[in-house]
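Student: I would like a close look at one part of this chain, the loops at the N-terminal side, and then an account of how the rest is packed. Please keep to what can be read from the coordinates.

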Amino acid sequence: MATVITSECINCGACEPECPNTAIYQGGVEWQAPDGAMHPAISNDIFYIVPEKCTECVGFHDHEACAAVCPVDCCVPDPNIPETHDVLLARARALHPTEAIPDDAPSRFKKEGADAPKANGHDAVAAAAAAPAPAPAAKPVAAPAAKPAAAAAPQRVVGMRGRVEKAVPRPAAVARPVPSFAGELPIDFEKLLAELGPSRRRTSSRLGSVGFALLAVGQGILGALPAGSKQRIAATVNDRRFFDPALATAGNVFLNLLLYPIVSLGFAVATKRVDLFTLAVHPWIFLGLTIAALEAGFRLRESFFRGAPLAETPLRGAIYGPLLLPVGGIVRWLAGTRGAKSTVGFDGFSAGRQVFDEKLERERRYGSVYQLEDRDDAYILRVEFPRVLPPSTLADELGLAREMPDYEYQLSLRDSTFVVHGRVTDAQVRRLTAVAPAFPSEFTTRVSLRDPVSGFRHRYQDKTLEVILPKAAG
């Protein structure tokens, strides 16, 4: 029969990493079916076991791993779901189609050639629930056997009131092979990216072509906008031929060398300080050139005084840049929305310790920090994975490093949605998910795609997942 976690659970998290079928989930976390579908959590308060994924460790161990490591013996059989060895073995094979599970695979039903009782009374309860009626003359039940060697005596962690944890040594770091998923294209990521080339925007009408041509000509004017506005326009247009923030800023600097002298001279003539066709206009023209040069030096000071390339220089706006913000909004509206990007509402919180937990890092643990670039030929998705562990007394007691270990991830393409499922696999780090705030043991990110795609190719490096999804022809 399936196993269930009772209300005596203390949320220590010892059982979850032991399950070979990922059938155990933290309370409040939705569970994933073998077909990838997500379902609501069975329990919101304590860890729970999904019956459809539980095999009582048949096919992997001759005992139930969760019951063996549970310090309070709260992993017990569910009398409402009795199941046989054959049913559990078939389920194990269905859950692990890529693994060859033989008929003589480890099973508690065949332990020492008989149904051996568990140290926590698991099998005794199972036998009592499965029997239709008590036998007239039952043999005395053997004394419970000792727990397997994996069930070390629980140790109370100093500083964690009311919690019992089982110390698990961190496994040696090994190079993880690059996984491949259904729908992944048989081409190298770098080669596919090179074949796509720079982003190009195709227009469907002659009027649209004229509009983008005018935008390219007018870059010098829009270059006066603040840096953030220029970056947003560039992301919306998504084609450097029509709008490039660096080129627009440089164009605006040269434009101001003409504009500021004209404004300065116009002011002098309007206030009748000088006559237009006299030599008295020269100082006013020089004043305009001086203002333009000083402003350019201030805007591009890293490039002028430190020799930094223009591409690495903050592209600040001109004095009159804020007046053009409505124009920038109109340009973005006419160009249309391209892609999507997550946002973070505030910086973070202190948690009463010296370590500051950034909101950006908290959002990464939920898979909420991503950027989708919508090109005419492909989508490019970038998902940021967590980089550091959250502040936790348990992490200090276990001696964990600040850096977050790499997640295990699954990728799938379903209709018009790309799904990224990340999961913490480090045994000790998974224990933090039960005690650290805003730290789920796994996350699922779903990104909607407007256009059909022919497949995808991914790479994972520096805690960032990058995915190229070429759009289907036609």
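Tutor: Helices here are DSSP runs of H or I with at least four residues, strands are runs of E with at least two, and both are numbered from the N terminus. The model is a predicted one. By that count the chain has 14 helices and 18 strands.

Start with Glu56, which lies in the loop between strand 5 (48-49) and helix 1 (65-69). Its phi is positive, about 55 degrees, although Glu56 is not a glycine. Residues under 20% relative accessible area count as buried. Glu56 has a relative accessibility of 1% and is therefore buried.

Asp73 is in the loop between helix 1 and strand 6 (75-77). Its phi is also positive, near 55 degrees, and Asp73 is likewise not a glycine. The surroundings are another matter: Asp73 has a relative accessible area of 34%, so it is partly exposed.

Arg108 sits in the loop between helix 2 (85-95) and helix 3 (122-130). With a relative accessible area of 6%, Arg108 is buried. Its C-alpha atom is 7.5 Å from that of Glu64, although 44 residues separate the two along the chain.

Now the rest of the chain. Of its 474 residues, 44% are buried. Among contacts with a separation of 6 or more, 66% join residues 24 or more positions apart.

Two helix pairs can be set side by side. Helix 7 (residues 227-237) and helix 11 (residues 325-335) pack at about 15 degrees, with 9 Å between their axes. The two are therefore roughly parallel, and their crossing is left-handed. In this contact, Ser229, Arg232, Ile233, Thr236 and Val237 of helix 7 meet Leu325, Gly328, Val331, Arg332 and Ala335 of helix 11. By class, these residues are five nonpolar, three polar and two charged.

For helix 8 (residues 245-270) and helix 9 (residues 282-299), the angle is about 150 degrees and the axes are 7 Å apart. This pair is therefore roughly antiparallel, and it crosses in a right-handed sense. Its contact divides into 15 nonpolar, five polar and two charged residues. Among those taking part are Tyr260 and Phe267 in helix 8, and Trp284 and Ala292 in helix 9.

The largest nonpolar core has 30 residues, of which Leu381, Phe385, Phe418, Leu465 and Leu469 touch the most other members. Elements that each supply at least two residues of this core include strand 13 (378-384), helix 13 (393-398), strand 15 (417-423) and strand 18 (464-470). Setting aside neighbours within four places in sequence, the contacts of Phe418 include Leu381, Leu411, Val447, Phe456 and Leu469. A second core, separate from this one, has 18 residues, including Leu215, Ile233, Ala292 and Val331. Of these, Ile233 and Val331 also take part in the contact of helix 7 with helix 11, while Ala292 belongs to the contact of helix 8 with helix 9.

Terms used: Residues numbered from 1 in each chain as written. Predicted model: local features only at pLDDT ≥ 70, side-chain atom pairs only at ≥ 80, totals over all residues. Heavy atoms only, no water. Axes fitted to C-alpha atoms, helices over the stretch in contact; angles between N-to-C directions. Parallel < 35°, antiparallel > 145°, perpendicular 65-115°, else oblique. Left-handed = near helix turned anticlockwise from the far one by under 90°. Contact = heavy atoms within 4.5 Å. Nonpolar A, V, L, I, M, F, W, Y, C, P; charged D, E, K, R; others polar. Core = buried A, V, L, I, M, F, W, Y, C linked by side-chain atoms within 4.5 Å. Buried < 20%, exposed > 50% of the residue type's maximum accessible area, 1.4 Å probe, protein only.
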